[in-house]
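User: Could you take me through one part of this structure slowly? I am in my first year and would like to follow each step.

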Amino acid sequence: MQRNTVQQQIVLDALKKLHTHPTVEEIHTEIQKEHSAISKPTIYRNLRKLAANGIIRQASLPDGYERYDERTDHHYHFKCTNCGGILDVDIQYIADINDSVQLKYGISVDKHDVVFSGICKKCKTQKRK
């Protein structure tokens with residue numbers, strides 16, 4: 001097991017503090033508040049190490065940004081088309097889909113990602129007012 005460096009802990013703490021599936025830029029902004037010496041390349045490197053070690057997860061979302069998630073279990077996401085907010089969707093992960101796709105196309109599937117989109121509760125409430 002790889003040891004957790006001080007920089008990795010700072011990056012991990014910032015990720016956990018944000019709770020928003022943040023981009024590297026958002027994590028960098030958060031870290032700069034208290035640790036201005038930590039560069040963006042250092043943050044990238046540590047996020048990738050943390051993800052490779054299974055401590056965090058890189059979230060695959062269709063917006064094109066590298067986003068990171070403190071949850072490492074298989075789960076789905078929801079992205080608000082109005083505010084851009086990203087939420088965890090806690091429904092059963094359907095692993096059987098991987099098997100179905102493998103059988104039908106003769107390929108090897110490691111994982112699948114599903115992102116629901118629409119309007120979040122907060123935006124729906126604001127539109128009603």
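How exposed is Glu25, and what does its side chain meet?

Analyst: Let's start with Glu25 in this predicted model. Its relative accessibility is 41%, so Glu25 counts as partly exposed, since that class lies between the limits of 20% and 50%. The side chain of Glu25 meets that of Lys40 in a salt bridge, with 2.4 Å from N to O. Side chains of opposite charge can pair when their charged atoms come close. Glu25 belongs to helix 2 and Lys40 to helix 3, so this pair ties together parts that are 15 residues apart in sequence. Lys40 has a relative accessibility of 27%, so Lys40 is partly exposed too.

Now look at the helices around this pair. Two packed helices are described by the angle between their axes and the distance between the axes. Helix 2 covers residues 24-32 and helix 1 covers residues 6-18; their axes come within 9 Å and cross at roughly 105 degrees. Angles from 65 to 115 degrees count as roughly perpendicular, and therefore helix 1 and helix 2 are described that way. On the helix 1 side, the contact is made by Ile10, Val11, Ala14, Leu15, Lys17 and Leu18, while helix 2 brings Glu26, Ile27, Glu30 and Ile31. Sorted by type, the residues of this contact are 7 nonpolar, no polar and 3 charged.

Helix 3, the home of Lys40, spans residues 40-52, and its axis comes within 9 Å of that of helix 1, crossing at roughly 85 degrees. Helix 1 and helix 3 are therefore roughly perpendicular to each other. Here Gln7, Gln8, Val11 and Leu12 of helix 1 meet Thr42, Ile43, Asn46, Leu47, Lys49 and Leu50 of helix 3. The residues of this contact divide into 5 nonpolar, 4 polar and 1 charged. Val11 of helix 1 takes part in the contact with helix 2 and also in the contact with helix 3.

Back to the salt bridges: the count comes to 9, and the pair of Lys40 and Glu25 is one of them. Another joins the side chains of Asp90 and Arg71, at 2.7 Å from N to O. Asp90 sits in the loop between strand 4 and helix 4 (96-105), and Arg71 in the loop between strand 2 (67-69) and strand 3, so the pair ties together parts that are 19 residues apart in sequence. Asp90 is exposed, with a relative accessible area of 61%, whereas Arg71, at 22%, counts as partly exposed. Both belong to a network of salt bridges that links Arg71, Asp73, Asp88 and Asp90. A further salt bridge has Asp113 and Lys111 as its partners, at 3.2 Å from N to O. Asp113 is partly exposed at 38% relative accessibility, and Lys111 is partly exposed at 38%.

Finally, let's visit the sheet. It is an open sheet of 3 strands in the order 4-3-5, with mixed pairing. Strand 4 (86-89) and strand 5 (115-118) are the edge strands, each pairing on one side only. On average, neighbouring strands here are turned by 25 degrees against each other, direction ignored. Strand 3, residues 76-80, pairs with strand 5 in the parallel sense over 4 bridges. For a spot to find on your screen, try Lys79, whose bridge partner in strand 5 is Ser117.

Methods:
Residues numbered from 1 in each chain as written. Predicted model: local features only at pLDDT ≥ 70, side-chain atom pairs only at ≥ 80, totals over all residues. Heavy atoms only, no water. Pairing = 2+ DSSP bridges. Helix = DSSP H or I, 4+ residues; strand = E, 2+ residues; numbered from the N terminus. Axes fitted to C-alpha atoms, helices over the stretch in contact; angles between N-to-C directions. Parallel < 35°, antiparallel > 145°, perpendicular 65-115°, else oblique. Contact = heavy atoms within 4.5 Å. Nonpolar A, V, L, I, M, F, W, Y, C, P; charged D, E, K, R; others polar. Salt bridge = Lys/Arg side-chain N within 4 Å of Asp/Glu carboxyl O. Buried < 20%, exposed > 50% of the residue type's maximum accessible area, 1.4 Å probe, protein only.
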